[in-house]
Amino acid sequence: MPEATGYLAAPRAPLGVADMPSAPLRFLESWIQAFLGFIVCIVLPILVYAQAVPFADGSIGVAERTIIATALAYFVVAYCGSRLEAFPGASLMDQAAYIAPIVTICFATIGVGLLAWRLEYSRVQFFGSGFLVFAWVLGAAHLRVRLFTRSYAVVPAPSLATMPSVKSCRWLDFDDAVARSVRLDGIVADLSNGLSERELSELARAAISGMPVLDRRYIVESLTGRTPLSGLSPNDFGALLPSRQYVAFRRAVELVCTVAALPLLLPFMLVLAMVVRFDSAGPIFYTQARVGRQGRTFRMVKFRTMLHGVEGPSFTTTNDPRITRIGSFLRRYRLDELPQVVNILKGQMSWVGPRPEALVLGQGYARDIPHFELRSIVPPGVTGWAQINQGYAHDPDGMRAKLEYDLYYLKHCSLWLDLVIILRTLGVVLGGIGAR
């Protein structure tokens, strides 16, 4: 007689996903990385510079103070790095672009604090450890992507061909993975593609056995940084609304930082204004009606980069003949956007957000692309998630992809994501990538 349980016994296939072995716990990777980094960046250098065993007599001297300071800086960098790495779409150079400033700011802040309190410390060890921390965090992030490939079974089979091609993930056919008992990190299910009763039953058994079952839309979003338009329903619109606390706090930080930067920006902008004025005839500034938050229209201001009075399309083409000599330089390094500090101070724009579209173009996109108006939930930005991942676009397909990036930003907007966008924008600006 079968043993009594709280559920009716269900017939079971000879072999199923519940019988398959799960991959090792991936969350241990970050802990192991942090521990090994502490040994390499903080502990091992002690053997090089320390003349005696630190903390042996219980006193806090130069060596002990340096160890405490570098350890504190290391853990702050490790924490910030783990938060920023959660966002997709970063190449090795992109990672370096935001890891380097974080390491520099953390170590410089603690170093200034030590000087302010007139506490002696080993500068060679302190800044040497800072270099080691940068190299370790960057190298470990790169190696983790290349060496720790995750395996996912995809169901149903037709969805396998639609999965994004990324180095960190391997996509397997569900039935083939079950038959070969492949060790899996999880199962990706396309819930909008009509799963069979057997597949639904296997997914339920997998979840009961502890195997992660992920919605395809979620995994695609987390790997590509885009929220797919396909399947987007009114139930998802609520997730696009940022919290009021975040909006208010970001606005306060934005105003403080913008006002603090004005003494540096204004003289530089004055020089650029003089160059624009003497380069070609016409006004220094160019204003255009753009679509802002909640569909309101505002006048966005930029340095003029085109010949005054020349007709042409409302969007910029590659090697556009209307662009002036200095205009090409300003566009390449995004310096023509600096006057938008006026729009930021007036509350019409933010430093980070969906790029505002020209009024005529925006009305056309809203008519032809579903849900395009959702971009206006937050104030438009000088830079944004779509700008650093895709760049310039004006054709319908490019604008659909741009909208998917903007929806991802709306869904995940936070100060951490804003920081990633700002740091990666600096890399784009310095490299002059994607300008027209």
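**Close-ups of a predicted protein model**

**Figure 1. The whole chain and its surface.** The accessible surface of this protein chain adds up to about 23600 Å², and 65% of that belongs to carbon and sulfur atoms. Keep in mind that what you're looking at is a predicted model. The chain has 436 residues, and 43% of them are buried. Its secondary structure comes to 16 helices and eight strands. Now take the contacts with a separation of 6 or more: 72% of them are between residues 24 or more positions apart.

**Figure 2. An open sheet made of four parallel strands.** Read across the sheet and you get the order E2-E1-E3-E4, with parallel pairing. At the edges sit strand E2 (169-173) and strand E4 (213-215), each of which pairs on one side only. Neighbouring strands here are turned by 35° against each other on average, ignoring direction. Helix H8 (residues 216-224) packs on this sheet and touches E2, E3 and E4. The direction of helix H8 makes about 75° with that of E4.

**Figure 3. Zooming in on one strand pair.** What holds strands together in a sheet? Strands of a sheet pair through backbone hydrogen bonds, either parallel or antiparallel. In this view, strand E1 (residues 150-155) runs parallel to strand E3 (residues 186-189), and the two pair over four bridges. To find one of the partners, start at Tyr152 and look across to Gly186 in E3.

**Figure 4. Two aromatic pairs between helices.** The structure has twelve aromatic pairs, among them Tyr79 with Trp416, which meet edge-to-face. Their ring centres are 5.8 Å apart, with 80° between the planes. Tyr79 lies in helix H3 (residues 62-84) and Trp416 lies in helix H16 (residues 415-431), so this pair ties together parts that are 337 residues apart in sequence. Tyr79 counts as partly exposed, with 46% relative accessibility, and Trp416 is also partly exposed, at 21%. Another pair, Trp385 and Tyr408, is stacked: 5.5 Å centre to centre, with 20° between the planes. Trp385 belongs to helix H14 (residues 385-389) and Tyr408 to helix H15 (residues 396-412), so here the linked parts are 23 residues apart in sequence. Are Trp385 and Tyr408 buried or exposed? Both are buried.

**Figure 5. An aromatic cluster, and charges over rings.** Phe107, Tyr121, Phe126 and Phe127 form one aromatic cluster. Look at the Tyr121 ring: the charged end of Arg123 sits over it, 4.9 Å from the ring centre. Elsewhere in the chain, the charged end of Arg226 sits over the ring of Tyr405, 5.3 Å from its centre.

Definitions and conventions:
Residues numbered from 1 in each chain as written. Predicted model: local features only at pLDDT ≥ 70, side-chain atom pairs only at ≥ 80, totals over all residues. Heavy atoms only, no water. Buried < 20%, exposed > 50% of the residue type's maximum accessible area, 1.4 Å probe, protein only. Contact = heavy atoms within 4.5 Å. Areas by Shrake-Rupley, 256 points an atom, 1.4 Å probe, with all protein chains shown as cover. Pairing = 2+ DSSP bridges. Axes fitted to C-alpha atoms, helices over the stretch in contact; angles between N-to-C directions. Phe/Tyr/Trp six-rings, centres within 6.5 Å; stacked < 30°, edge-to-face > 60°. Lys NZ or Arg CZ within 6 Å of the ring centre and 35° of its normal.
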